[in-house]
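Me: Got a minute? I have a structure here and want to talk it through.
Reply: Sure, put it up and ask away.

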Amino acid sequence: MSDMFKKALSLLTGSPADTTRPLKKLTERELIELEAEIGGQLFGAIPAGHRREFFCLDEHTWIWHEEWVDENRQRQVTSTRYEIHDTGILKAQDGKVYKFIEGAELRNLVLAIRLYYEAVARGIYRRDPMTGAPLSETPPATI
Amino acid sequence: MSETPISPVLDKKSEQIAHNVQERYSTGQIDRDFAQWEYGFDTETQFNLERDDVVNTELWSDTTPTTIEAPAYVEAPKTRAQEVEESYFYLDDKQLLHQALGISKAVPTMRRLV
């Protein structure tokens, strides 16, 4: 195959490396945007006119962001930041109140974190969330 | 204060009824009449009170419970969220925090492995 043909083919279809690892060309921010879209769906149906995101910003921070237009056509924004510390999870809503969450609220958050992890592991990174191993591209054979 | 007067006719009629009842009671006729009216069969031949089993099983043929089957209980499949929620039910806050710490490290690691 000529070099020119290879180059044209790679321009049309992407390089072989890109087809096997299509996420490699995405920045971390773009990956987070993909994750946030999945994370926003973990809490059930999103009402019309709402925008909801839930994502892991870094090793110590989770964000729950929600935007909507109220009955007065005013844009409302609620942003909740959860900071993961060795001693507990600190919650800050709209940058104002800080408190360590506990009990049912802590359980609900960790449940969301766990489901988020499983969903993005399978849906974006194609990895088994239990083992971290890459998922097989081909489905298992059926009898 | 005077007692309530009793009608002589009613009194005579009551005496007759009482006499008839006494006569039927003394001859045992009232027991037989009552048994016939109440159950329609002779209790002495149908039941042996010294035993627990039923002598004449034909009495219960219409109400045998063998035709009644317990409905099959089909449990609805659980969602993954329900499974995880149940597995977290008995975890205390420290254990939940441990989960959050682990997952919070795992997610950025996956990003770096793309």
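**Core and contact**

Me: Which residues touch the most other members of the largest nonpolar core?
Reply: Trp62(A), Ile89(A), Tyr116(A) and Tyr125(A) do, in a core of 36 residues. Keep in mind that this is a predicted model.

Me: Which elements give two or more residues to this core?
Reply: From chain A, they are H3, E1, strand E2 (61-69), E3 and H4. Chain B joins in with helix H5 (93-112).

Me: And where does the largest share come from?
Reply: From H4(A), which puts in 11 residues.

Me: Back to Ile89(A). What does it touch, leaving out residues up to four places away in sequence?
Reply: In chain A, its partners include Tyr82(A), Ile84(A), Phe100(A), Leu106(A) and Leu109(A). Ile89(A) also touches Leu97(B) and Ala100(B) in chain B.

Me: OK, new topic. How many residues does each chain bring to the contact?
Reply: Chain A brings 35 residues and chain B brings 24 residues.

Me: What area do chain A and chain B bury between them?
Reply: About 2600 Å². Carbon and sulfur atoms account for 67% of it.

Me: Which residues of chain A lose the most area to chain B?
Reply: Glu59(A), Arg107(A) and Arg114(A). Together they make up 23% of what that side buries.

Me: How many salt bridges are there between chain A and chain B?
Reply: There are 4 salt bridges. One of them pairs Glu28(A) with Arg111(B). Their closest N and O atoms are 3.6 Å apart.

Me: How many residue pairs are in polar contact between the chains, both at pLDDT 80 or more?
Reply: The count is 10 residue pairs.

Me: Which elements of chain A each supply at least two residues to the side that touches chain B?
Reply: Helix H3 (28-40) and helix H4 (103-123) do. So do strand E1 (51-58), strand E3 (75-85) and strand E4 (88-93).

Me: Which one gives the most?
Reply: H4(A), with 13 residues on that side.

Me: How do the residues on that side of chain A divide?
Reply: Into 19 nonpolar, 4 polar and 12 charged.

Me: Last bit, chain A as a whole. How many helices and strands?
Reply: It has 4 helices and 5 strands. From the N terminus on, the order is α-α-α-β-β-β-β-β-α.

Me: And what percentage of chain A counts as buried?
Reply: 32% of its 143 residues.

Note on methods:
Residues are numbered from 1 along each chain as its sequence is written. Chains are lettered from A and ligands numbered from 1 in the order in which they are written. This is a predicted model: local features need pLDDT of at least 70, side-chain atom pairs count only at pLDDT 80 or more; totals for chains, interfaces and linings use all residues. Side-chain values use heavy atoms; hydrogens and water are left out. Contact means heavy atoms within 4.5 Å. Buried area is the accessible area (1.4 Å probe) that two parts lose on being put together, summed over both. A salt bridge is a side-chain nitrogen of Lys or Arg within 4 Å of a carboxyl oxygen of Asp or Glu. A polar contact is a pair of N or O atoms within 3.5 Å; within protein, one must be able to donate a hydrogen and the other to accept it, and residues adjacent in sequence count only if both atoms are side-chain atoms. Ala, Val, Leu, Ile, Met, Phe, Trp, Tyr, Cys and Pro count as nonpolar, Asp, Glu, Lys and Arg as charged, and the others, Gly among them, as polar. A nonpolar core is a set of buried Ala, Val, Leu, Ile, Met, Phe, Trp, Tyr and Cys residues joined through side-chain atoms within 4.5 Å. Buried means under 20% relative accessible area, exposed over 50%, partly exposed in between (1.4 Å probe, protein chains only).
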